[in-house]
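Here is a short tour for the bench, written to be read with the model open beside you. Take a moment to find the metal before reading on.

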Amino acid sequence: MPVKQIKCPQCETPTLYDVSNPWRPFCSERCKLIDLGEWASEGYQIPLSPEPDLWSDELTDDGSSKRPH
Ligand SMILES: [Zn+2]
């Protein structure tokens, strides 16, 4: 079974997309961290709720609360 080879999204180094590469699709931990860092800084202005699932359980889409009988 041939191993899929891709280019690292960060530095475009030919990289194995395989379980043997824990940093896939990146070539290295460094590139993965760089990408995560950029993602985090881009999204920094959007406030993130730490526990969104707790609230979505309480409120339906129209804002009414679901109460058990
Ligand atoms: Zn890379």
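## The zinc site

Along the sequence, the residues that donate to the zinc ion follow the spacing C-x2-C-x15-C-x3-C. Keep in mind that you are looking at a predicted model. The protein donors are the SG atoms of Cys8, Cys11, Cys27 and Cys31, and they lie 2.3 to 2.4 Å from the zinc ion.

Why is the arrangement around the zinc ion tetrahedral? The 4 donor atoms subtend angles of 104 to 117 degrees, and four donors count as tetrahedral if all angles lie between 85 and 135 degrees.

Is Cys8 buried or exposed? Cys8 has a relative accessible area of 1%, so it is buried. For Cys11 the relative accessible area is 34%, which means that this donor residue is partly exposed. The cut-off behind these words is simple: buried means under 20%.

## The overall chain

If you trace the chain from the N terminus, you will meet its elements in the order β-β-α-α. That gives 2 helices and 2 strands.

The chain has 69 residues, and 9% of them count as buried. Its exposed area is about 6400 Å², with carbon and sulfur atoms supplying 56% of that area. Now take the contacts in the chain with a separation of 6 or more: residues 24 or more positions apart account for 6% of these.

## Asn21 in the loop

Next, have a look at Asn21, which sits in the loop between strand 2 and helix 1. Asn21 has a relative accessible area of 8%, so it counts as buried.

Which residues does Asn21 touch, leaving aside those up to four places away in sequence? They are Thr15, Leu16 and Phe26. With Phe26 there is also a polar pair to find: a polar atom of the Asn21 side chain lies 3.0 Å from the backbone oxygen of Phe26.

## Ser28 in the loop

Ser28 is another residue to pick out, and its place is in the loop between strand 2 (14-17) and helix 1 (29-42). Because its relative accessible area is 21%, Ser28 is partly exposed.

How far apart in space are Ser28 and Thr15? Their C-alpha atoms are 8.9 Å apart, while in sequence the two residues are 13 residues apart. Thr15 may ring a bell here, as it is also one of the residues that Asn21 touches.

Note on methods:
Residues are numbered from 1 along each chain as its sequence is written. This is a predicted model: local features need pLDDT of at least 70, side-chain atom pairs count only at pLDDT 80 or more; totals for chains, interfaces and linings use all residues. Side-chain values use heavy atoms; hydrogens and water are left out. Donors are N, O and S atoms within 2.8 Å of the metal (3.2 Å for Na, K and Ca); water is not among the atoms, so sites may look incomplete. Four donors count as tetrahedral if all angles lie between 85 and 135 degrees; four count as square planar and six as octahedral if opposite donors are over 155 degrees apart and all others between 65 and 115; anything else is irregular. Buried means under 20% relative accessible area, exposed over 50%, partly exposed in between (1.4 Å probe, protein chains only). Helices (H or I, at least four residues) and strands (E, at least two) are DSSP runs, numbered from the N terminus. Contact means heavy atoms within 4.5 Å. Accessible areas come from the Shrake-Rupley method with a 1.4 Å probe; for residues, only the protein chains shown count as cover. A polar contact is a pair of N or O atoms within 3.5 Å; within protein, one must be able to donate a hydrogen and the other to accept it, and residues adjacent in sequence count only if both atoms are side-chain atoms.
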